[in-house]
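Visitor: Please take a close look at one part of this structure, the sheet, and then set it in its surroundings. I am new to it, so plain words will do.

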Amino acid sequence: MFNPFFKNHGPIKISEIIKLLNININNKYEDKEIQDIKDLSSANNNDITFFHSKKYKDVAKNTKASFCLTIDALKTFLPKSCLALVVENVLVSTSKITSIFYPDSINDNFDDNIISISDTNFKDKVSFGENVLIGKNVSIGNNCKIGHNTIIEKNVIIGDDCSIGSNSIIRNTLVKNNVRILDNCVIGKHGFGFFPIKNKNLRYPHIGIVLIEDNCEIGCSATIDRGSMSNTIIGKNTYLDNQIHIAHNVKIGENSIIAGQVGIAGSSIIGNNVKIGGQAGISGHLKIGNNVEIGGGSGVIRDIPDNTKVMGYPAKNIREFLRVNK
Amino acid sequence: MFNPFFKNHGPIKISEIIKLLNININNKYEDKEIQDIKDLSSANNNDITFFHSKKYKDVAKNTKASFCLTIDALKTFLPKSCLALVVENVLVSTSKITSIFYPDSINDNFDDNIISISDTNFKDKVSFGENVLIGKNVSIGNNCKIGHNTIIEKNVIIGDDCSIGSNSIIRNTLVKNNVRILDNCVIGKHGFGFFPIKNKNLRYPHIGIVLIEDNCEIGCSATIDRGSMSNTIIGKNTYLDNQIHIAHNVKIGENSIIAGQVGIAGSSIIGNNVKIGGQAGISGHLKIGNNVEIGGGSGVIRDIPDNTKVMGYPAKNIREFLRVNK
Amino acid sequence: MFNPFFKNHGPIKISEIIKLLNININNKYEDKEIQDIKDLSSANNNDITFFHSKKYKDVAKNTKASFCLTIDALKTFLPKSCLALVVENVLVSTSKITSIFYPDSINDNFDDNIISISDTNFKDKVSFGENVLIGKNVSIGNNCKIGHNTIIEKNVIIGDDCSIGSNSIIRNTLVKNNVRILDNCVIGKHGFGFFPIKNKNLRYPHIGIVLIEDNCEIGCSATIDRGSMSNTIIGKNTYLDNQIHIAHNVKIGENSIIAGQVGIAGSSIIGNNVKIGGQAGISGHLKIGNNVEIGGGSGVIRDIPDNTKVMGYPAKNIREFLRVNK
């Protein structure tokens with residue numbers, strides 16, 4: 001996952017991690033320093049990983065991680081080089097440990113480390129409106145415009161020839177070249193991801209970013225959430241109309257056209273050359289192929305193969321929808 | 001109804017009220033002072049009430065109010081201690097009289113009685129961004145954050161440990177402790193309530209508030225309208241995703257989870273531990289039980305009992321929905 | 001089309017236009033000055049027009065335009081007085097030519113020609129909040145209010161007794177008298193109109209305006225786009241709830257009531273006394289009659305005659321919808 005923004009606060013001693021998990025384990029590893037928390041396949045021997053479902057057992061067998069958050073029923077799948085840290089709820093514990101590596105990724109309070117663009121070097125380079133605020137770790141290319149009252153919070157890279165409207169808020173976002181983001185947008189805030197716990201839900205970290213490729217247009221009043229463990233991506237030359245909500249981890253391909261008030265739930269992947277009509281909704285964790293057309297108002301609850309036209313709730317073949325409903 | 005905000009401009013002489021209603025009645029009561037306008041059951045003998053439908057006839061029989069707005073066909077149900085003021089349209093007249101008791105509750109023009117937070121006592125207590133504005137009758141607890149360009153208009157109480165985002169507008173709202181309200185929200189404005197009258201609709205008063213209980217999270221670009229004659233309530237530890245609209249008088253229970261772009265129409269009551277999928281809509285005046293799950297995209301037009309999973313438009317048992325639509 | 005705002009940069013020599021189209025044609029007309037680009041019926045002999053579909057052949061026969069963008073298969077329908085300029089894609093070429101007559105109508109970058117209302121003559125006439133900005137070519141009537149952080153960009157006329165909320169952005173809009181526009185609205189930006197071209201879509205001009213008639217109310221977080229070749233119109237005493245999206249060229253009649261989160265796609269025409277329930281969506285280019293009621297959540301994909309109640313997706317007679325779904 002490409003992520004230029006979130007600082008890893010590791011290494012962290014395994015003894016600290018064990019203490020935080022509140023588990024009993026032989027503490028002979030207490031001086032071992034852990035660099036990062038990663039998934040089973042990308043973790044190295046200085047990392048901790050997590051293993052919560054049997055469907056990953058084959059990956060688990062080959063993990064290079066030295067420590068793994070898991071449950072009793074799964075620990076036998078781990079190699080000898082990896083010590084199982086048995087916990088009650090793997091995902092909650094993963095969230096806790098990720099939080100100590102990436103403490104800045106949990107809460108999205110307003111950025112209190114910003115200054116007026118007039119007090120930055122951008123003042124001679126960017127065309128900007130009244131009351132524009134710029135956070136830390138921001139880069140802006142040539143020939144860009146930023147409208148009134150817009151807040152470029154921390155961790156934003158904007159390419160060349162971009163136009164940002166007024167009253168928008170952007171953070172943890174990489175915007176490539178020739179992108180237009182219109183008014184009243186909120187881009188790069190954490191997604192709607194948490195563990196429901198009675199009386200006090202537990203938010204999990206969002207260490208992904210929003211990546212907006214060349215030539216895109218984002219309509220007014222959009223909300224595009226950054227990813228949790230991967231990035232939210234809008235592909236090249238994809239246009240979004242007004243009042244669209246793109247949840248965390250969603251990936252949209254190139255040359256797609258998405259009409260007003262569409263909502264795409266978390267982790268769904270949309271192909272290239274896709275057209276989505278107004279107010280359509282797409283459930284989470286789906287795969288929508290290339291050259292798909294989704295009629296306005298549709299509710300998509302299953303994967304859609306390439307080159308298909310669908311409509312309805314739930315969405316089905318558009319000819320069948322229109323035949324049944326003529 | 002708990003309401004710390006709207007000032008009652010009573011007492012008002014009954015002769016003034018009668019004049020405003022433009023009705024003919026024996027004026028021997030002209031010096032009688034009326035304290036308030038209340039519903040049939042809660043009114044006392046210094047109050048005026050209203051009675052517009054036969055289904056309230058049993059309550060009407062026992063009202064303690066001295067005066068009652070009603071129609072000719074209903075006036076015989078009232079006790080002798082209550083004088084019927086017969087009008088053409090009870091609700092329109094009720095609206096008119098409520099307006100003179102609560103003149104500040106009709107129009108929601110921008111609050112022109114606000115000042116920069118830097119000029120208030122909150123400046124040493126609250127962590128705040130640029131251009132934050134504070135209205136009259138505002139209270140803010142300890143350890144709170146308020147983002148850039150946010151306007152806390154008149155009549156707002158915020159508890160401890162709350163985080164308000166940027167570009168949000170709040171009025172007539174009571175926020176308890178440890179609540180997060182994200183960016184671009186508008187909370188506490190009047191609801192979409194008016195009497196349709198050709199060429200010039202008549203807005204009715206909204207004397208309710210918005211009450212947000214402990215540990216809630218309100219996503220970006222939410223609109224939550226205050227109540228008309230009761231309060232709009234978001235229960236403890238309930239989380240709302242982005243772009244959600246909550247209409248006036250809605251009450252949502254505790255530990256509920258509401259996904260993006262959901263809309264809940266006026267006066268509906270949602271239970272505890274309810275999960276609502278993205279883009280679902282709930283019609284007005286419905287009762288959704290506890291532990292209910294409503295699938296994404298659903299349109300709910302009937303009450304839903306406890307412990308039920310529904311999906312579809314109109315929403316029905318989710319197993320049936322999936323069976324019919326497999 | 002009434003349009004007080006967009007400046008026509010004509011006349012433009014036909015030789016320039018021909019060069020821009022990159023076509024080969026006898027250049028004996030090169031000094032002829034073209035005043036404007038108009039449709040087939042309204043163009044005069046100093047104008048250029050366009051003809052892209054056989055269904056307009058009867059109008060084409062009688063056009064008074066001297067030049068017409070068209071394709072080879074259609075050019076024979078034109079009168080002798082009109083020279084066919086044969087192009088590959090009539091609408092793309094029309095867009096290009098319109099762009100040179102109306103260059104200000106393509107991109108809606110933030111208005112960098114605005115000043116604080118305190119530095120205008122409006123400061124003594126209008127009741128205004130903090131940080132209000134006013135563009136060029138703006139007129140505001142008597143007894144108006146404009147809330148905090150609101151930006152009245154270029155080309156706005158506001159009548160008497162209007163109330164604009166906070167954090168709203170308005171341009172290219174004519175607001176009549178006694179209109180309320182609430183918070184967080186974006187009104188008058190270009191619509192979602194462009195020619196999809198791989199890797200780099202081509203936006204077409206939007207030379208229409210938004211026209212909001214007397215006594216309207218526009219709820220919080222609305223987006224109302226201006227028209228492309230006609231105006232977007234909200235009729236007298238029509239009320240819009242929160243989070244509504246009105247696309248370009250839509251025309252809504254008088255005394256209509258539109259509930260929260262409704263979306264109306266481009267070029268649809270809605271009659272008088274129409275009621276639309278929450279979250280309903282109306283496809284583009286439809287005609288909804290007078291006195292129509294559309295149930296909440298409906299998806300309207302066909303015209304609806306006067307005096308009809310519909311519900312469902314696709315919307316059908318409401319009795320049938322409720323019978324089938326009881």
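Guide: In this predicted model, chain A holds an open sheet of 11 strands with mixed pairing. Read across, the strands come in the order β8-β11-β14-β17-β22-β25-β28-β31-β34-β36-β37. The two ends of that row are the edge strands of chain A, β8 (127-128) and β37 (315-317), and each of them pairs on one side only.

One pairing within the row can be followed residue by residue. Strand β17 of chain A covers residues 180-181, and strand β22 of chain A covers residues 217-218. These two strands pair in the parallel sense, over 2 bridges. In this pair, Ile181(A) of β17 stands opposite Ile218(A) in β22(A).

Next, the domains of the chain. The domain assignment divides chain A into domain 1, residues 12-105, and domain 2, residues 115-324. Taken over C-alpha atoms, the centres of domain 1 and domain 2 of chain A are separated by 33 Å. Where the two domains touch, domain 1 of chain A contributes 7 residues and domain 2 of chain A contributes 6 residues. On the side of domain 1 of chain A that touches domain 2, 3 residues are nonpolar, 4 are polar and none is charged.

Then there are the other chains. Chain A can be laid on chain B with an RMSD of 0.1 Å, by a turn of 120 degrees and a shift of 0.0 Å along the axis. Because of that turn and shift, the two chains are related as by a three-fold axis. Chain A also meets chain C: 36 residues of chain A are in contact with 31 residues of chain C. The side of chain A that touches chain C is made up of 6 nonpolar, 25 polar and 5 charged residues.

Last, a single residue in chain B. Lys154(B) lies in the loop between strands β12 (151-152) and β13 (156-158) of chain B. Lys154(B) counts as partly exposed, because 17 C-beta neighbours lie inside 10 Å, while 20 or more would make a residue buried and 12 or fewer exposed. Leaving aside neighbours within four places in sequence, Lys154(B) is in contact with Asp111(B), Asn113(B), Gly135(B), Lys136(B), Asn137(B) and Arg171(B). Gly289(B) is 135 residues from Lys154(B) along the chain, and 34 Å separate the C-alpha atoms of these two residues.

Technical notes:
Residues are numbered from 1 along each chain as its sequence is written. Chains are lettered from A and ligands numbered from 1 in the order in which they are written. This is a predicted model: local features need pLDDT of at least 70, side-chain atom pairs count only at pLDDT 80 or more; totals for chains, interfaces and linings use all residues. Two strands pair if DSSP finds at least two bridges between them. Helices (H or I, at least four residues) and strands (E, at least two) are DSSP runs, numbered from the N terminus. Copies are superposed by least squares on the C-alpha atoms of residues with pLDDT of at least 70 in both. Domain bounds come from an automatic or database domain assignment. Ala, Val, Leu, Ile, Met, Phe, Trp, Tyr, Cys and Pro count as nonpolar, Asp, Glu, Lys and Arg as charged, and the others, Gly among them, as polar.
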